[in-house]
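Trainee: I have a structure open and would like to learn how its descriptions are justified. Could we go through it together?

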Amino acid sequence: DAANADETGMACESRHTMLEIPMRCGAAICGRLRIRPRAGNPLSFSREDIRRLTTLCTMAACAMEGLGLYTEWPQEDHANCERTSSASADRADVAHLHPSILLQDATFLNAVLPFALSQARRHREPLSLVCVAIDRLGAIKQLLGKAESDRLIQHVAGTVGSLIRASDIVARLDDDRVVAVLPRAPRGSALHVAENICRAVHAKRPPDCQTPSVTVSIGVATFPSCAENVYSLFDAADEALAWAQKNGRSQAVLAHPRPMAGASQANGASSAV
């Protein structure tokens, strides 16, 4: 069971002996959380308990991985961390990012974004999602190859990371989009950040890049004004991104606010009259 947990990143539970959850950040495992039962009492965890503990372990692994990006922190504590060759490659890829930013993957984003959104709901704070897509990336990949397009994506991710706060999250999705999660950022501030990203990417050409000019299109969505949950937040950002791509390159579009329940009822009443 423990070996299977290492492969899938999910928690595995023994009926009576121990609960073990890997602390995973990308392909790197920095440790494990092990919970043993008290004498004479078997372990009993609900699915929600395990989900929360897995999220906690993912965030802890991210924090430990982030420490390695700072030269002023000692590296001896990481000597016993389990690393794979792909994890080392990922670390090299993000070495040029903004010092306080670590580029995450879709797995990390799927684990942390629901938690961040629940905190925003609990504290009645906004949370914005900035979805960045490189214009004509498919053509660039066909013309110059995957290695060049990967360098370009890393360059865009580094530019995004240099323009946001250390507390924000940057992740690369499986479809090569770059997503930034901005807690406590209202719609106007998130759009301003997105517009700065557009200008910075267009003005700052990556070194030794064979592409003459690079532009991005960006969709911005904010909780709670544009969406009420993680799925609708992504849908709103994707819709805004589609509008940005349709209307031309190098621009950011803000998702439309969702209609409120009271407004919908009032519109229905006026239509009936």
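Mentor: Gladly! Let's start with a rule: two strands pair if DSSP finds at least two bridges between them. Keep in mind that this is a predicted model.

Trainee: How do you know that β8 and strand β9 pair?

Mentor: Four bridges join β8 to β9 (residues 251-254), and the rule asks for at least two. So β8 and β9 count as paired, and they run parallel. In this pairing, S217 stands opposite Q251 in β9.

Trainee: What makes β4 and β9 edge strands?

Mentor: Each of them pairs on one side only. The open sheet has six strands in the order β4-β6-β7-β5-β8-β9, with β4 (103-105) and β9 at its edges.

Trainee: Why is the pairing in this sheet called mixed?

Mentor: Strands of a sheet can pair either parallel or antiparallel. Here β8 and β9 run parallel, whereas β6 (residues 169-172) and β7 (residues 178-183) pair in the antiparallel sense over four bridges. One place to look is R172, which stands opposite V178 in β7.

Trainee: Why is T222 called buried?

Mentor: Buried means under 20% relative accessible area. T222 has 2%, so T222 is buried. You will find T222 in strand β8 (residues 216-223). Leaving aside neighbours within four places in sequence, T222 is in contact with residues including P126, L127, A185 and L233.

Trainee: And A236, is that residue buried or exposed?

Mentor: Its relative accessibility is 10%, and the cut-off is again 20%, so A236 counts as buried. A236 lies in helix α8. With neighbours within four places in sequence left aside, A236 is in contact with A221, C226 and A255.

Trainee: Where does helix α8 pack?

Mentor: Helix α8 packs on the sheet, touching β5 (127-134), β7, β8 and β9. Together, β8, α8 (residues 230-246) and β9 make a left-handed β-α-β unit.

Trainee: Last one: what makes α5 oblique to α6?

Mentor: Helix α5 (residues 137-144) and helix α6 (residues 146-162) pack at an angle of about 140°. Over 145 degrees would count as roughly antiparallel, and 65 to 115 as roughly perpendicular. The angle of about 140° fits neither range, so α5 is oblique to α6. Their axes are 7 Å apart.

Trainee: Which residues of α5 meet α6?

Mentor: L137, I140, K141 and L144 in α5 meet K146, E148, S149, L152 and I153 in α6. By class, this contact has five nonpolar, one polar and three charged residues.

Notes. Residues numbered from 1 in each chain as written. Predicted model: local features only at pLDDT ≥ 70, side-chain atom pairs only at ≥ 80, totals over all residues. Heavy atoms only, no water. Helix = DSSP H or I, 4+ residues; strand = E, 2+ residues; numbered from the N terminus. Buried < 20%, exposed > 50% of the residue type's maximum accessible area, 1.4 Å probe, protein only. Contact = heavy atoms within 4.5 Å. Axes fitted to C-alpha atoms, helices over the stretch in contact; angles between N-to-C directions. Parallel < 35°, antiparallel > 145°, perpendicular 65-115°, else oblique. Nonpolar A, V, L, I, M, F, W, Y, C, P; charged D, E, K, R; others polar. Right-handed = clockwise from strand over helix to strand, strands pointing away.
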